[in-house]
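The following note sets out points for a colleague reading the model alongside its sequence. Please consult the structure while going through them.

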Amino acid sequence: MKKYQDLLRDVLENGTKKDDRTGTGTISVFGRQFRCDLNEGFPLLTTKKVHFKSVVNELLWFLSGSTNINDLEATIWDEWALEDGELGPVYGKQWTAWETKDGKTINQIDYVVDLLKNNPTSRRILFHGWNVEYLPDEKLSPQENARQGKMALPPCHLLYQFQVMDNKLNLMCTIRSNDLFLGNPFNTAQAALWVHMLAQQCDLEVGELIMSIGDAHIYSNHIDQVKEQLSRDPRALPKLKLKRKPASIYDYKLEDFELEGYEPHPPIKAPVAI
Ligand SMILES: Nc1nc(=O)c2c([nH]1)NC[C@@H]1CN(c3ccc(C(=O)N[C@@H](CCC(=O)O)C(=O)O)cc3)CN21
Ligand SMILES: O=c1ccn([C@H]2C[C@H](O)[C@@H](COP(=O)(O)O)O2)c(=O)[nH]1
């Protein structure tokens with residue numbers, strides 16, 4: 001993942017100091033892309049160990065439609081949830097049960113699977129989470145927003161646009177705001193998982209992943225960790241093995257995902273900005 005290191009260097013060299021909602025402060029650039037050919041390996045960082053199980057768990061949790069951290073086997077959302085575990089209508093709700101004015105719901109994932117199988121030349125194969133009716137008030141805390149039926153946090157990875165060319169499945173994932181040290185490694189690996197899972201379900205080959213980022217930032221309390229990471233040499237990317245073909249996109253389990261040859265540098269801890 002030299003491209004990831006190049007992005008970190010770009011932000012350190014060209015970024016601007018900026019205040020932010022969390023009060024932590026960032027160095028930011030605006031508008032960056034990097035591309036990964038998924039046939040060259042699975043894009044999981046090797047310059048620090050990323051907890052792959054949490055990456056998979058969070059994705060399967062989104063896909064289940066749950067918005068409650070009690071259904072998530074990871075602690076990464078704890079700081080934003082209400083006492084009962086609720087986060088308001090965040091990712092899983094918008095992806096699988098977007099509410100309509102007649103009181104019904106639309107499953108955007110079903111729509112994507114249907115198009116990939118039945119109309120793969122379409123240029124409309126996408127799902128997104130930016131449901132303006134449920135956006136939080138930035139002046140209130142995540143919990144206050146969730147209590148009022150709003151999202152605790154608005155989506156960061158908000159648009160997943162797929163395209164099929166030469167029987168290969170490509171994805172452009174748009175992220176409006178990206179915590180490059182903690183969030184980005186999860187976001188990139190999950191986007192790659194989407195391509196692998198949908199390609200398997202729809203009898204396609206994996207193609208290219210394009211990560212397209214709006215505000216790409218390094219938090220002021222992640223600088224030392226970033227420098228440590230930049231001092232490390234990237235290693236060969238692991239390979240992802242899907243151990244079986246589940247009956248549908250909703251039937252994947254943690255045990256279905258196996259990484260071969262993941263030999264990263266040690267983990268690096270960093271505080272999360274709330
Ligand atoms: N500031 C901020 N950055 C984020 O990346 C982020 C948010 N807020 N809010 C919502 C979610 C939660 N996400 C998170 C939160 C924490 C970690 C984190 O602490 N990761 C550690 C440990 C991972 C684990 O527990 O398995 C890491 O070293 O990657 C990662 C993503 C991504 N999102
Ligand atoms: O998947 C995610 C979720 C969150 N983030 C980061 C990006 C920002 O640092 C914060 C969100 O704060 P906003 O003020 O709403 O932009 O969380 C991420 O990188 N990836």
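1. Ligand 1 is surrounded by 13 residues, the closest being His51, Ser54, Asp179, Gly183 and Ala273; a residue counts as near a molecule if one of its heavy atoms lies within 4 Å of it. This is a predicted model, in which local features need pLDDT of at least 70 and side-chain atom pairs count only at pLDDT 80 or more, whereas totals for chains, interfaces and linings use all residues. Residues are numbered from 1 along each chain as its sequence is written, chains are lettered from A and ligands numbered from 1 in the order in which they are written, and side-chain values use heavy atoms, with hydrogens and water left out.

2. Polar contacts to ligand 1 (pairs of N or O atoms within 3.5 Å) involve both side-chain and backbone atoms. An N or O atom in the side chain of His51 is 3.1 Å from an oxygen atom of ligand 1, and a backbone N or O atom of Gly183 lies 3.2 Å from an oxygen atom of the ligand. A nitrogen atom of ligand 1 is 2.9 Å from a backbone N or O atom of Ala273. On its own ligand 1 has 640 Å² of accessible area, of which the protein covers 80% (Shrake-Rupley method, 1.4 Å probe).

3. By class, the shell around ligand 1 holds nine nonpolar residues, three polar and one charged. In this division Ala, Val, Leu, Ile, Met, Phe, Trp, Tyr, Cys and Pro count as nonpolar, Asp, Glu, Lys and Arg as charged, and the others, Gly among them, as polar.

4. Ser54 belongs to helix H2 (residues 52-64); helices (H or I, at least four residues) and strands (E, at least two) are DSSP runs, numbered from the N terminus. Is Ser54 buried or exposed? Its relative accessible area is 8%, so Ser54 is buried (buried means under 20%, exposed over 50%, partly exposed in between, with a 1.4 Å probe and protein chains only). Apart from neighbours within four places in sequence, Ser54 is in contact with Ala74 and Phe186, contact meaning heavy atoms within 4.5 Å.

5. The residues around ligand 2 include Arg21, Cys156, His157, Arg176 and His217. Three oxygen-atom distances may be checked here: 2.7 Å to a polar side-chain atom of Ser177, 2.8 Å to a polar backbone atom of Asp179, and 2.6 Å to an N or O atom in the side chain of Tyr219. The protein covers 84% of the 450 Å² of accessible area that ligand 2 has on its own.

6. Strand E7 (168-179), helix H6 (183-201) and strand E8 (205-219) are the elements giving two or more residues to the shell around ligand 2. E7 gives the most, with four residues. The shell around ligand 2 comprises two nonpolar, six polar and three charged residues.

7. Arg21 lies in the loop between strand E1 (16-18) and strand E2 (26-37). With 43% relative accessibility, Arg21 is partly exposed. Leaving aside neighbours within four places in sequence, Arg21 is in contact with Glu138, Leu153 and Ile274.

8. Strand E9 (residues 239-242) runs antiparallel to E10, joined to it by four bridges; two strands pair if DSSP finds at least two bridges between them. Leu240 stands opposite Leu259 in E10. Along E10 (residues 257-260), Phe257 and Leu259 point to one face and are buried, while Glu258 and Glu260 point to the other and are not. In a regular strand the side chains alternate between the two faces of the sheet.

Conventions. A polar contact is a pair of N or O atoms within 3.5 Å; within protein, one must be able to donate a hydrogen and the other to accept it, and residues adjacent in sequence count only if both atoms are side-chain atoms.
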